[in-house]
Structure formats: C-alpha cells, structure tokens
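I opened this notebook to keep track of what I looked up, place by place. The entries follow the order in which I went through the structure.

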Amino acid sequence: MPCARLTARQAIAAVSDTYTELTVPEGPGAPATAPSAPDGPLGWPGYDDMRARAHARTGEHESVVTALATMGGTEAVVLSFEFRYLGGSLGESTGDRLEAAYRLARERRLPVVSLIATGGSRMQEGMRALTQLQRVAAQSAHTRAAGLPQIAVLRDPTTGGGWATLGAAADVILALPGAQVGFAGSRVRPADADPYAYSAEGQLASGHIDAVVPPDRLRATLQHWLQLLCGSGELGSPTVDPASLPYALGVPGLPETGWGAVARAREPRRPRAEAYLRAYFDDREELSGDRCGGVDPGMRCGFGRRDGRTIAFAAQCGTATRPAGFRSAARLVRLADRLGIPVLTLIDTPGAANDAAAERAGAGAAIADTFAALATARVPVTSLLIGEGGSGGALALAAPDRLWATPDSYFSVIAPELAVAILKRDPAQLHDTADQLRIRPQDLLDLGVIRGIAPPA
C-alpha cells in the first residue's frame with residue numbers, strides 16, 4: 001500500500017542490509033541537555049505518563065532511532081523516526097540523539113540518511129523543544145561543510161521542523177507516494193488550503209524534492225544514490241580528474257557557412273541531451289527542481305557512473321532555459337563541488353527564456369548565480385556545446401577555458417535573426433550576418449572560445 005507507516009526499525013530494515021543501533025554517549029563530550037525534570041521542562045501535567053504509554057506501545061524510549069547501517073555495500077549513519085512515539089515529535093532527547101549521530105558521521109566521514117516521519121516539535125516541552133531545530137540545523141550545516149552527502153526519505157507525514165531541517169536541507173530528497181509533506185501540519189493549515197500543495201507529489205511539482213519513489217523501489221533507489229555520491233573513491237579528495245569529453249553523436253564534417261551551422265543545430269533530428277547522457281553514462285540518477293518553487297524540464301541535472309567513477313551533469317535540452325533551470329544547474333554544480341565530484345555540462349539552448357514570467361521569476365539573478373557557481377567551482381568542469389549556443393543563456397553553463405563543441409553546433413552573441421533586427425538590416429542579409437558573427441565551430445576555435453571540436457564516436 002502507498003506510504004505504509006512502518007516503524008522506525010522496520011524503515012531501517014527495509015532499506016539496509018544490516019544495521020547496529022547507536023546509543024547517546026555519556027560522560028565528556030555528551031550533549032549538554034540537563035536531566036529531565038518530572039513531566040519535562042515545562043512540568044506539563046501527565047507528560048511522563050504520555051512518554052510511558054508511548055514506550056509501552058512502541059518499545060522505544062524516544063521518537064528517533066539512530067543506527068550505523070550498510071546499504072548496498074555503503075556504510076551510512078541512519079536517522080529513523082518512530083511516528084507512533086508522540087507523533088515522531090522532536091524534544092530535547094531527540095535532539096541529543098540526532099546531534100550524536102551527526103557527530104559520528106563526521107568522525108567516520110559517512111553519509112547521513114534520514115527516514116523522516118514527524119509532526120514537528122513537541123509541544124509538551126515548549127520552546128526547549130523548538131530550539132532543537134537549531135541544533136539539528138547546525139549539525140546538518142556542519143556535515144554539509146565537511147563534504148558529506150545527506151539524503152532524506154520523506155515518509156508520512158513529514159511536517160513542521162522535521163521538514164524544515166532534516167528534510168528540506170538534504171542534498172537529495174526522496175519521498176514516498178502520498179506522503180504529507182509541508183511546514184504546516186494537517187491541523188494548522190488554512191481550512192481552504194489545497195491538500196496537493198502539502199503532498200509529496202505537490203512538492204515535486206514545485207521543485208522542492210527530487211523524486212517520488214514507490215516503496216518497492218525505495219531500497220534500490222536509495223542504495224544507488226549512496227553508491228553514486230560515495231562510491232567514486234574521490235569523496236573529500238584534494239585533487240579530482242576532469243570528466244572525459246563525450247564523443248560527438250551528430251553528423252560529421254564542419255559547416256561551410258554560418259547559416260549552415262545554425263541550420264544543423266536546429267535540425268529536429270539532431271541528437272539531444274538524452275542521447276548524449278544515454279551514450280555517456282553506464283547508469284544515472286537525476287535531481288529535480290530549484291528548491292525555490294520551480295522546475296524546468298529543459299534542464300536535466302544529476303549524477304551518473306562512467307568507467308567506475310561518478311560524474312555530475314547539467315544538460316540543456318534544446319529549449320529556452322528558464323530561471324528554475326539555471327538555479328537547478330547552480331545547485332548541481334555546488335553540490336558536486338562540495339562532494340569532490342567532477343562536472344559535465346551539455347549546452348543546447350536558443351537562449352534564456354525572456355518572457356514576462358521569466359523576468360518575474362528572476363532570470364537575471366538565476367543566470368548570474370549559475371555563472372558564479374561555475375566560476376568558483378574547485379572541481380573541474382567539462383563543457384560540450386552539442387547544439388544551439390544562444391548568448392548568455394548558453395554561456396552560463398560553459399566552463400571557463402574548458403569548452404568544446406560538436407560539428408553540428410554554433411555559439412553566438414545573439415541569434416542571427418535578432419542581430420539583423422537590432423542592426424536594422426534588410427532580412428535578405430541574414431546569411432551574411434550569420435557569417436559575420438563567426439559562429440561556426442571552426443570559427444569558435446580560431447577565436448579561442450573553445451578548446452577543440454569533439455571527435456565522432
């Protein structure tokens with residue numbers, strides 16, 4: 001059944017080969033939470049009895065079980081919530097366990113996998129419970145800074161602070177079908193709120209999670225992601241070899257004229273991003289969304305395996321790239337940079353989307369951020385122009401000094417038709433203008449814009 005509410009331990013067992021439960025350390029270095037007073041820090045009447053009943057019902061002493069697990073050969077620290085224990089809520093003791101688990105992950109340089117099912121902060125502990133979100137957020141940030149991947153699995157429900165820390169802060173976010181996902185829980189939303197907006201499917205459509213994964217595929221998908229992000233042998237390495245250059249898949253031979261280059265690049269049957277990704281990678285997983293409310297299907301981002309190593313990719317698909325696409329690409333580059341994974345970008349766009357919706361969505365800022373992500377990346381970025389290279393919308397994905405082109409591509413400061421319009425030339429001068437712009441692959445090589453022309457397979 002979709003989104004079955006497994007116990008915390010069942011959830012770990014469902015995705016792991018083996019696991020060993022962790023305990024909260026005692027003595028020096030232990031979390032600094034004071035011993036619990038009767039009925040908790042607020043003296044909430046009956047709170048101790050609530051916890052006792054929760055323990056009798058679940059066998060757990062807290063709402064989270066932390067463990068060291070092996071998943072498809074990859075060792076990871078796992079955080080799994082027990083929703084039957086006070087709604088999986090976060091209290092001080094929950095914070096103790098989570099903090100200790102994150103610290104262990106950094107000590108052993110292991111990824112963190114969160115299997116979340118929580119309604120948020122524990123009201124019976126008041127502000128002392130709410131401040132646990134700061135502890136969790138800090139631990140997540142320290143783990144991110146250490147270059148360790150974090151993967152979240154959103155079970156039902158994932159709301160409140162659990163979503164706003166463990167869930168939304170993860171590098172890769174997977175969700176079970178039909179799971180409730182949102183900052184607002186079901187009892188505090190506006191009465192007329194659209195329930196779709198608080199669902200895994202709605203969050204996927206809005207660019208906030210990467211995939212909705214059926215329960216029978218979750219184990220394999222999660223293990224595949226761990227292999228991709230942790231199995232290259234380069235995690236944390238100070239030196240990373242660049243991604244190899246893909247072979248050109250289109251027609252061989254160089255175009256004779258500028259307009260001939262444009263015609264080739266606009267040929268509907270020309271190989272597009274999907275063909276290049278399929279030929280280049282042995283297997284891959286894709287990210288989705290910009291985490292700001294947008295998804296651009298014309299930008300494919302993710303990680304794949306080639307010759308036993310992991311390579312990140314951001315690929316334009318031949319459409320005008322929207323702000324969400326640029327933000328998704330920048331997100332991909334920064335994640336790969338943190339994890340020490342080389343990047344491949346495939347460039348193919350007539351340009352950045354320039355409609356009113358794109359402007360309202362921050363096209364300029366999104367393009368600027370993509371330029372900045374590539375300019376500051378410490379890992380090598382390899383870029384291949386596979387079709388249209390339309391102005392700044394294409395250049396934003398081009399690695400400085402590491403750009404190649406296929407024979408059926410062109411790169412131009414502006415589309416020849418637009419150059420004719422701006423220069424107020426006769427439309428009959430279109431072909432001459434295309435030649436003057438020097439946009440053919442061989443022209444780009446002569447101008448020093450590209451390093452070379454990709455050879456055929």
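**Entry 1: around Gly160.** I began with the surroundings of Gly160, and, leaving aside residues up to four places away in sequence, I found that Gly160 touches Gly120, Gly182 and Phe183. I note at once that this is a predicted model, and I read every value here as computed from it. Gly160 lies in helix H6, which covers residues 160-167. I then asked whether Gly160 is buried or exposed. Its relative accessible area is 9%, and because buried means under 20%, Gly160 counts as buried. I also looked up the spacing to Leu133, which is 27 residues apart from Gly160 in sequence and 9.9 Å apart from it in space, C-alpha to C-alpha.

**Entry 2: H5 and H6.** Since Gly160 belongs to H6, I went on to how this helix packs against helix H5, residues 132-145, and found that the two axes come within 9 Å and cross at roughly 15 degrees. Angles under 35 degrees count as roughly parallel, and therefore H5 is roughly parallel to H6. The crossing in which H5 passes H6 is right-handed. Which residues meet there? From H5 I listed Leu133, Val136 and Ala137, and from H6 Gly161, Thr165 and Leu166. Sorted by class, this contact has 4 nonpolar and 2 polar residues, and no charged residues.

**Entry 3: H11 and H13.** I looked up a second helix pair, helix H11 (residues 323-339) and helix H13 (residues 363-376), whose axes are 8 Å apart and which pack at an angle of about 20 degrees. With the limit for roughly parallel set at angles under 35 degrees, H11 and H13 are therefore roughly parallel to each other. H11 passes H13 in a left-handed crossing. Among the residues that make the contact, I noted Phe326, Ala330 and Val333 of H11 and Ile367, Thr370 and Leu374 of H13. By class, the contact of H11 with H13 has 11 nonpolar, 2 polar and 4 charged residues.

**Entry 4: E1, E2 and E3.** Turning to strands, I started from E2, which spans residues 64-71, and asked how many of its 8 residues are buried. The count is 7 of the 8, so E2 is largely enclosed by the rest of the structure. E2 pairs with strand E1 (residues 18-21) in the antiparallel sense over 4 bridges, and in this pairing Glu21 stands opposite Ala67 of E2. E2 also pairs with strand E3 (residues 74-81), again in the antiparallel sense, over 8 bridges, and there I found that Thr66 has Leu79 in E3 as its bridge partner. The hairpin of E2 and E3 has 2 residues between the strands, and in it Gly72 takes a positive phi near 60 degrees.

**Entry 5: E11 and E12.** For strand E12, residues 343-349, I found 7 of the 7 residues buried, so E12 is largely enclosed by the rest of the structure. Val343, Thr345, Ile347 and Thr349 point one way from E12, whereas Leu344, Leu346 and Asp348 point the other way, and all of them are buried. Strand E11 (residues 309-316) pairs with E12 in the parallel sense over 4 bridges, with Ala315 opposite Leu346 of E12.

**Entry 6: Val240.** I located Val240 in the loop between helix H8 (215-230) and helix H9 (258-265). Val240 has a relative accessible area of 15%, and it is buried because that value falls under 20%. Val240 and Ile341 are 101 residues apart in sequence, yet their C-alpha atoms are 7.1 Å apart in space.

**Entry 7: backbone exceptions.** I closed with backbone angles, keeping in mind that most residues other than glycine have a negative phi and that most peptide bonds are trans. Asp39, which is not a glycine, has a positive phi of about 60 degrees, and I placed it in the loop between E1 and helix H2 (47-58). Leu86 also has a positive phi, near 50 degrees, and is found in the loop between E3 and helix H3 (92-108). The peptide bond from Asp156 to Pro157 is cis, with omega near -5 degrees, and Pro157 has its place in strand E5 (residues 150-159).

Key
Residues numbered from 1 in each chain as written. Predicted model: local features only at pLDDT ≥ 70, side-chain atom pairs only at ≥ 80, totals over all residues. Heavy atoms only, no water. Buried < 20%, exposed > 50% of the residue type's maximum accessible area, 1.4 Å probe, protein only. Pairing = 2+ DSSP bridges. Axes fitted to C-alpha atoms, helices over the stretch in contact; angles between N-to-C directions. Parallel < 35°, antiparallel > 145°, perpendicular 65-115°, else oblique. Left-handed = near helix turned anticlockwise from the far one by under 90°. Contact = heavy atoms within 4.5 Å. Nonpolar A, V, L, I, M, F, W, Y, C, P; charged D, E, K, R; others polar.
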